[in-house]
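The exercises below ask you to read a fold from its contacts, its domains and its core. Work through each task before turning to the solution beneath it.

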Amino acid sequence: MSATKPRPHSPSTSPIPIRNFSKERYVSREWMERERQALWANTWLVAGLACDVQEAGQYFTFEIGAEGLIIARGTDGRLRGMHNACTHRGTRLVTEPIGILKKIVCPYHAWAYGLDGELQGAPGAARFSNGLPKRELALHAIEVEEALGLVFVRLNPGGVTLTEFLSPVFELLRPYRLEAMSITNDQTVTHTCNWKAILDNFAELYHVPFIHPIHRRMFECATAPIELFEHGHTAVYVPGGVTDSGFPTPDAPTDMQALQLQAVGLNPEDFRGRVAEIRPALQRAKRAIANEQGQAYAEFSDAQLSDIWQFNLFPNVILSVTPESAWLMRSRPDVGDPGKSRFDMFTLVQFQGGAAEAQPSKRAKGKNGVQIGTHFRLNGPRPADYKRPQRDCFTHEDIMAGRKSMTVTIDEDISLLARVQQGMASSGFQSVWLSDEECRVQHFHDALDACLSAHHG
Ligand code: FES
Ligand SMILES: [Fe+2]
């Protein structure tokens, strides 16, 4: 693995040429088809969480465009990936997104498969004059590998190994121990924009002062360092516990800084006239609490204790991490409409002591330890009644109407993105015009272009 420390640069100058590109990639069905054949079929993709397939029989499904996949751990302990399509006449076999199975039985004519994908039996076998050749009729296998607590799949074999693909970011993400986190929220929203509009949105902070007013009260977005990596990945390192330098510095802690201070047992009143001291104070307090809780924070720098590091993993995953929690967001294309997508959000929490801890600690009984699912809070032990949440699926309209929420910030992004797609469809818009600050957007699209050329010409 190559990188162990970030080597970021200022967002004010792009290290790569800003080339811009036409709107075709967001609105054209031909482009969508190129992506299907070249990108989705040949790239390592995050299919789901390793914690969902720990035990024999556990499985989850993953859909990417028209492709449906089953990821399952067999009775032999091996994790396998296979197409979710019966080899008799094609029926989608499994519809529940997560669960436990002994075998996979097709609802149509009851062909039965093992979790290794082997055909185990077909009713009326003697009536198949062509026989039932096992090898040919096994569920079609795909590559599957685990890394960083995530399960990756690749539909077509070949190309870089997963280790190689993740090497630029692996050592930066490893200390966050996603594999030891627990999922506390699992949401999917169907959206009315192209899947890449979502990735673009999470590849720049240029929009933040205008649609996320809460951020200026707790993050420094104006100068947050960014980094471009090989294979199309990018990162932004966002200082927390501060107010944004694009706005006047307040005399007293903002409401959000006050919440951050209280979360680690500090009194906001003590920082009146000293708001510049909040970030280091948060870092010191958090390290002290972590030591008290016996957490392994040795691998984190002081900055990591107060800041949010966000990684965009090519092509379609956004990972926003702190030592205590993570958001894994993923954008997926629709089956046939370039103006639609699905956006997944997994909320992950690092409970103190991991899953094995059962007894509440002294700290966890207080007001700081029990609040979960929010960046910057130290968590207590995993509650005894913890259950993996079911997936909540809803529409973009549900968010607009306030019936569903994916947090204030994400709701603001989701609300805006439908308007992006509407404007892109207009004849008055032909191509993007990016700033240097949006070089992460450019880098992502450069990697996409390279992938499409490599596999499609
Ligand atoms: S389509 Fe699956 S058993 Fe017939
Ligand atoms: Fe945003």
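**Exercise 1.** Determine what share of the contacts with a separation of 6 or more comes from residues 24 or more positions apart, and set the overall dimensions beside it.

*Solution.* In this predicted model, residues 24 or more positions apart account for 64% of the contacts in the protein with a separation of 6 or more. For the dimensions, begin with the C-alpha trace, which spans about 85 × 60 × 45 Å along its principal axes. Next, take the radius of gyration, which is 23 Å and agrees with the rule, because a compact globule with 457 residues would have a value near 23 Å. Finally, 41% of the 457 residues count as buried, and the secondary structure comprises 13 helices and 18 strands.

**Exercise 2.** Describe how the two assigned domains are placed and which elements of domain 1 touch domain 2.

*Solution.* The domain assignment gives domain 1 as 24-41 + 161-456 and domain 2 as 45-159, and the centres of the two, taken over C-alpha atoms, are separated by 31 Å. Their contact draws 20 residues from domain 1 and 16 residues from domain 2. On the side of domain 1, the elements that give two or more residues are helix 2 (29-40), helix 4 (162-173) and strand 16 (325-333), with helix 4 giving the most, at 4 residues. Sorted by character, the residues of this side of domain 1 divide into 14 nonpolar, no polar and 6 charged.

**Exercise 3.** Locate the largest nonpolar core with respect to the domains, and follow one of its residues outward.

*Solution.* The largest nonpolar core holds 97 residues, and those touching the most other members are Ala 47, Ile 71, Val 151, Val 153, Leu 319 and Ala 326. Helix 13 (residues 439-456) gives the most to this core, with 6 residues. Since domain 1 and domain 2 both give residues to the core, it lies between them. Taking Ala 47 as the example, and leaving aside residues up to four places away in sequence, its contacts are Phe 62, Leu 69, Ile 71, Val 151, Phe 152 and Val 153.

**Exercise 4.** Work out the strand order and the edges of the open sheet that 3 strands form.

*Solution.* The strands of this open sheet follow the order 6-7-8, with antiparallel pairing. The edges are strand 6 (104-105) and strand 8 (119-121), each of which pairs on one side only. Strand 7 (residues 112-113) is joined to strand 8 by 2 bridges, and Tyr 113 has Leu 119 in strand 8 as its bridge partner.

Key
Residues numbered from 1 in each chain as written. Chains lettered and ligands numbered in written order. Predicted model: local features only at pLDDT ≥ 70, side-chain atom pairs only at ≥ 80, totals over all residues. Domains from an automatic or database assignment. Contact = placed C-beta atoms within 7 Å. Nonpolar A, V, L, I, M, F, W, Y, C, P; charged D, E, K, R; others polar. Core = buried A, V, L, I, M, F, W, Y, C linked by C-beta atoms within 7 Å. Buried ≥ 20, exposed ≤ 12 C-beta atoms within 10 Å, placed from the backbone. Pairing = 2+ DSSP bridges. Rg over C-alpha atoms; globule rule 2.2 N^0.38 Å.
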